[in-house]
Amino acid sequence: MDYAKLLDLVTEIGEGMLENGAEIYRVEESLQRMLEAYGIREVESFAVQTAIIVTIVTPQTGPVTRLRRIRSRGTNLDMVDQLNGLSRKICASRPSLETIRGWVDQANARKPYPFPVQVLAYSLVAFSFALLFGGTGQDALCAAAVGALLKIVCASVERFPVNGFFVNLLGGAVAAALSLAAVRLGLAIQMDKVVISVLMNMVPGVAITNSMRDIMAGDLMAGQTKLTEALFAAVAMAAGSGMALSLAIRL
């Protein structure tokens, strides 16, 4: 058994789970169980939002460590489910390394929803929340249009190497500016309902939930890091909206 190669594959699975929004305890437990399934008894795994470290000790290799930096983070629960299911398959059947490599490549090859579908999803989320928050049908339709435009703008910006804070800042500004324009043009009635409904697309709800779960599970550093990241996203959206509205009022 090439334990170094096994460690590389297992670490890659853990890296993918972290990048797509999995809880810290889930990542560490999955790594532990996959490696123990192949008879490795000395396994240590440590994960935070920005890095993952895995160490194994075997009679053949001695201590072997892998460190991966997590440079991109998002929320893709479908990918988390795929990789989590893959880890369970590995523990149950202990396949060959070539089989694991094929499974990992197959999971990584899964394409996200087509961009038009993502735009439609943003639009439907904004439309639904506008009605939920007590907006009129007119407000909901405007929120749907602004939500679609928000997705297009954010996707265009994310093609460049910019950080998430700037994307959320710009998203808040775009949502507020377009909502205010819709009200002034008579297309919408309640601007606050439109703005809030559109921004619900960008609220890091899953990240906040996972941070609480990590903190309650004892992963204090990881939970606080994730919570801080989520709060900065919320601050960025609020700041962007505030700047856009302040500028519009002065004009």
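Strand 2 and strand 3 run antiparallel to each other and pair over eight bridges. Two strands count as paired if DSSP finds at least two bridges between them. Strands here are DSSP runs of E with at least two residues, helices are runs of H or I with at least four, and both are numbered from the N terminus. Strand 2 and strand 3 also make a hairpin, with three residues between them.

Before going on, a word on where this comes from. The model is predicted, so local features need pLDDT of at least 70 and side-chain atom pairs count only at pLDDT 80 or more, while totals for chains, interfaces and linings use all residues. Residues are numbered from 1 along each chain as its sequence is written, and side-chain values use heavy atoms, with hydrogens and water left out.

**The sheet**

Strand 1 (residues 42-48) pairs with strand 2 (residues 51-58), again in the antiparallel sense, over seven bridges. These two form a hairpin as well, with two residues between them. Put together, three strands make an open sheet in the order 1-2-3. Strand 1 and strand 3 (62-69) sit at the edges with a single partner strand each, so one side of each has no neighbour in the sheet. On average, neighbouring strands are turned by 10° against each other, direction ignored. What holds strands together in general? Strands of a sheet pair through backbone hydrogen bonds.

Here are some residues that face each other across the sheet.

| Residue | Opposite residue | Strand of the opposite residue |
|---|---|---|
| Ser45 | Val54 | strand 2 |
| Val48 | Ala51 | strand 2 |
| Ile52 | Arg68 | strand 3 |
| Val57 | Pro63 | strand 3 |

Helix 1 lies across strand 1, strand 2 and strand 3, and runs at about 30° to strand 3. That angle is taken between N-to-C directions on a scale from 0 to 180 degrees, using axes fitted to C-alpha atoms, for helices over the stretch in contact.

**Two cores**

Now look inside. A nonpolar core is a set of buried Ala, Val, Leu, Ile, Met, Phe, Trp, Tyr and Cys residues joined through side-chain atoms within 4.5 Å. Buried means under 20% relative accessible area, exposed means over 50%, and partly exposed is in between (1.4 Å probe, protein chains only). The largest core has 36 residues, and Leu6, Val27, Ile52 and Ile100 are among those with the most contacts inside it. Which helix gives the most to this core? Helix 1 does, with eight residues.

Val27 is a good one to click on: among its contacts (heavy atoms within 4.5 Å) are Gly14, Met17, Leu18 and Ile52, leaving aside residues up to four places away in sequence. There's also a second, separate core of 21 residues, which includes Leu150, Cys154, Val157 and Ala175.

**A long look at helix 10**

Helix 10 (residues 220-250) has 31 residues and reaches 44 Å from its first C-alpha to its last, close to the 45 Å expected. That expected span is 1.5 Å times one less than the number of residues. Buried residues in helix 10 include Ala222, Lys226, Ala233, Met237 and Ser241. What do the buried residues of helix 10 pack against? They pack against helix 2, strand 1, helix 7 (164-184), helix 8 and helix 9 (205-216).

**Three residues to find**

Start with Ser197, in helix 8 (residues 191-199). Is Ser197 buried or exposed? Its relative accessible area is 0%, so Ser197 is buried. Its neighbours include Ala126, Phe129 and Phe133, not counting residues up to four places away in sequence. The side chain of Ser197 also reaches the backbone nitrogen of Ala130 at 3.0 Å.

Next is Asn84, which lies in helix 3. With a relative accessible area of 12%, Asn84 is buried too. Asn84 touches Met17, Arg26 and Ser30, again leaving aside residues up to four places away in sequence.

Finish with Arg94, in the loop between helix 3 (77-93) and helix 4 (97-108). Arg94 is exposed, because its relative accessibility is 54%. Most residues other than glycine have a negative phi. Arg94, though not a glycine, has a positive phi of about 45°.

Methods. A polar contact is a pair of N or O atoms within 3.5 Å; within protein, one must be able to donate a hydrogen and the other to accept it, and residues adjacent in sequence count only if both atoms are side-chain atoms.
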